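User: I'm new to this one and would like a quick tour of its charged side chains. Can we do it as questions and answers?

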Amino acid sequence: MSFSSTAAQTAAALPAAAAPGAPRGRIVLIDDHPEVVQALTNLLHLEGFACEGYPSASAYLEALQRQDPVFPGPACILSDMRMPGLDGLELLAQMSARDEMPVILMSGASGIRDAVEGFRTGAVDFLVKPVETEELLGAVTKALALSAQSRERRTRGHDLAQRLASLTPREQTVAARVAQGETNVQVAEELGISLRSVKRIRQSAAAKLGAESTAELVLKFTEGKRGV
């Protein structure tokens, strides 16, 4: 099934009601043709996605600055390539620099060169209009999966940063030496403290980091230090 102009007109006549239940993800639709935004919104709503549409990339960036409440789950952008003012490639460059949502570009007048440039700039996918429904859903699913992974990394990084900050200076020192491969005996000798103290400090650091083994302690301490 192609997402043709006829399909767009038919879909635009339908109510844009979201499917029941929790959304599968949030999709930001950007196109200077309102009928395209409306048709895509109706189609994606029927597939269980939450959508919001904008007539231009600039309009979306303005909304982003306002920090309006949005669906808290995974999200992606589906943007037209060629638009007046800020085009899809320029939007993609800005979003990539911010490490924001994955971007899918689409166009009905772009060639191989535009597609290559889009992928080089960081596009998750490049769709040529008229877009096949299955192709559209596949691209959206892939982008939302990448968004979910990115959100998980950020959440994990934030959690590790908080856990790392809860360590005392001595716990930080012991954990760092363990992460460097030193044994309890070596740490005790280097710091001039008893072996029992090293074990106690190490256990306390592991508990605060949520580590149940030496390998997990090393991993979490290292990831926390580098910001995951």
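Analyst: Sure, here come a few questions on salt bridges and burial. This is a predicted model, where local features need pLDDT of at least 70, side-chain atom pairs count only at pLDDT 80 or more, and totals for chains, interfaces and linings use all residues. Residues are numbered from 1 along each chain as its sequence is written, and side-chain values use heavy atoms, with hydrogens and water left out.

User: How many salt bridges does the count come to?

Analyst: A salt bridge here is a side-chain nitrogen of Lys or Arg within 4 Å of a carboxyl oxygen of Asp or Glu. One of them joins Lys-129 and Asp-31, at 2.9 Å from N to O. By this rule, the count is 10.

User: Is Asp-31 buried or exposed?

Analyst: Buried means under 20% relative accessible area, exposed over 50%, and partly exposed in between, with a 1.4 Å probe and protein chains only. Asp-31 has 2% relative accessibility, so Asp-31 is buried.

User: Which residues are linked with Asp-31 in a network of salt bridges?

Analyst: Lys-129 pairs with Asp-31 directly, in a salt bridge of 2.9 Å. The network has another member too, so to speak: alongside Asp-31 it links Asp-80 and Lys-129.

User: Where do Arg-163 and Asp-159 both lie?

Analyst: Their side chains meet in a salt bridge, 3.0 Å from N to O. They sit 4 residues apart, about one turn of the helix. Helices are DSSP runs (H or I, at least four residues), numbered from the N terminus. The one holding both is helix H6.

Definitions and conventions. Helices (H or I, at least four residues) and strands (E, at least two) are DSSP runs, numbered from the N terminus.
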